[in-house]
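Visitor: Hi! I'm new to this one, so could you walk me through it?
Guide: Happy to. Let's put it on the screen and take your questions as they come.

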Amino acid sequence: MNNQQSIIYTKEIPEYKEKFSKVFRKSGKIESKFYEEESLRLQYELVKLQKWVIDNDKRLLVLFEGMDTAGKSSTIKEFNNYLNPREARSVALPKPNSKELGQWYFQRHLKQIPNAGEIVFFDRSWYNRAGIEQVFSFCTQSQHDHFYRQVNGVEEMLVDDGILFFKFYLNISHETQADRIRDRENDRLKSWKLSELDYKSHKAYAEYEELRDKMFKLSGTPHSPWCELDADDKKRARLNAIRYLLSNIEYEGKDESVITGVDEKIVKLHN
């Protein structure tokens, strides 16, 4: 088994080396120009990573979890920007059908794990049972408890079989979630993202927080830790998610001047 991830906090990232006004707006969020330049530097590294994955028949599985409007889809899109789509795919499973409801809970998710030379991103995963299903009683308490008796063993088997396995949680404040819901209400191009469940989830924010912390405690393990990102600034979270992943894989041609570590203000590890 070799998935011992570690976290390197550093000031040797452009956010702290450039002039403050070039990096941050008055709101404290990252400037678009700075973000695009730094993102491009990281994209070159992601392309190198994918080539290494393909050339060496590696399997890379990356889960993204977080509350509604946290930015899971857009973060996956950022990872995927320049990757070869034939060997990198995003999975966002719909509600289970009647046949799937009669299966082992993990079964339909495990059908999607990467083949040799492939990268797979999960936009929500089996951790639905740890959060949203528990909040809205889509599962029983017994099913929720049973999930926690099994999940660490399932993930340990994935890692033991050689899968490079990463779990990201995008964390946002109650206020940020409210702002993003309003933004979707006022933007017809984003209206499809809104559902009644988003409003109900916002009201249940405190319960989600409790379940999030329970999840970190019970399933943040040495073989599959949780990387928690402060995603109130989506762009800053995306940069640090990519940095964390790249810093924990020894792929060929890594530029150590680009991959130096992550921002302590944005990233926490639960292991």
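Visitor: Let me start with Arg 89: is it buried, partly exposed or exposed?
Guide: Arg 89 is partly exposed, with a relative accessible area of 24%. Keep in mind that this is a predicted model.

Visitor: Which residue does Arg 89 form a salt bridge with?
Guide: Its partner is Glu 118, and the closest N and O atoms of the two are 2.7 Å apart. Arg 89 lies in strand S2 (residues 88-91) and Glu 118 in strand S3, so this pair ties together parts that are 29 residues apart in sequence.

Visitor: And Glu 118, buried or exposed?
Guide: Glu 118 is buried, at 8% relative accessibility. The cut-off for buried is under 20%.

Visitor: Why do charged side chains pair up at all?
Guide: In general, side chains of opposite charge can pair when their charged atoms come close.

Visitor: How many salt bridges are there in the whole structure?
Guide: A search of the whole structure turns up 18 salt bridges. One of them joins Arg 124 and Asp 68, with 2.7 Å between the closest N and O atoms. Arg 124 sits in the loop between strand S3 (118-123) and helix H7 (132-135), while Asp 68 sits in the loop between strand S1 (59-66) and helix H4 (72-80), so the pair ties together parts that are 56 residues apart in sequence. Asp 68 is buried, with a relative accessible area of 12%.

Visitor: What about Asp 183, which residue does it bridge to?
Guide: Asp 183 forms a salt bridge with Lys 190, and their closest N and O atoms are 2.8 Å apart. Asp 183 is partly exposed at 36%, and Lys 190 is partly exposed at 28%.

Visitor: Which residues are linked in a network of salt bridges?
Guide: Glu 15, Glu 38, Arg 41 and Arg 243 are linked that way.

Visitor: Back to S3. How many of its residues are buried?
Guide: Six of the six are buried, so S3 is largely enclosed by the rest of the structure. Glu 118, Val 120 and Phe 122 point one way from the strand, and Ile 119, Phe 121 and Asp 123 point the other way.

Visitor: Which strands pair with S3?
Guide: S1 pairs with S3 in the parallel sense over six bridges, and S2 pairs with S3 in the parallel sense over four bridges. On the S1 side, Phe 64 has Asp 123 as its bridge partner in S3. On the S2 side, Arg 89 stands opposite Val 120.

Visitor: New topic: where is Arg 59?
Guide: Arg 59 is in strand S1, and it is buried at 18% relative accessibility. The side chain of Arg 59 reaches the backbone oxygen of Asp 161 at 2.4 Å. Leaving out residues up to four places away in sequence, Arg 59 touches several others, among them Pro 114, Glu 118 and Ile 163.

Visitor: One more: which helix holds Thr 176?
Guide: Thr 176 is in helix H9 (residues 174-186).

Visitor: Which side chains does the side chain of Thr 176 make polar contacts with?
Guide: One polar contact, of 3.0 Å, joins it to the side chain of Ser 173. The side chain of Thr 176 also makes a polar contact of 2.8 Å with the side chain of Asp 232. Thr 176 counts as buried, at 13% relative accessibility.

How values were computed
Residues are numbered from 1 along each chain as its sequence is written. This is a predicted model: local features need pLDDT of at least 70, side-chain atom pairs count only at pLDDT 80 or more; totals for chains, interfaces and linings use all residues. Side-chain values use heavy atoms; hydrogens and water are left out. A salt bridge is a side-chain nitrogen of Lys or Arg within 4 Å of a carboxyl oxygen of Asp or Glu. Helices (H or I, at least four residues) and strands (E, at least two) are DSSP runs, numbered from the N terminus. Buried means under 20% relative accessible area, exposed over 50%, partly exposed in between (1.4 Å probe, protein chains only). A polar contact is a pair of N or O atoms within 3.5 Å; within protein, one must be able to donate a hydrogen and the other to accept it, and residues adjacent in sequence count only if both atoms are side-chain atoms. Contact means heavy atoms within 4.5 Å. Two strands pair if DSSP finds at least two bridges between them.
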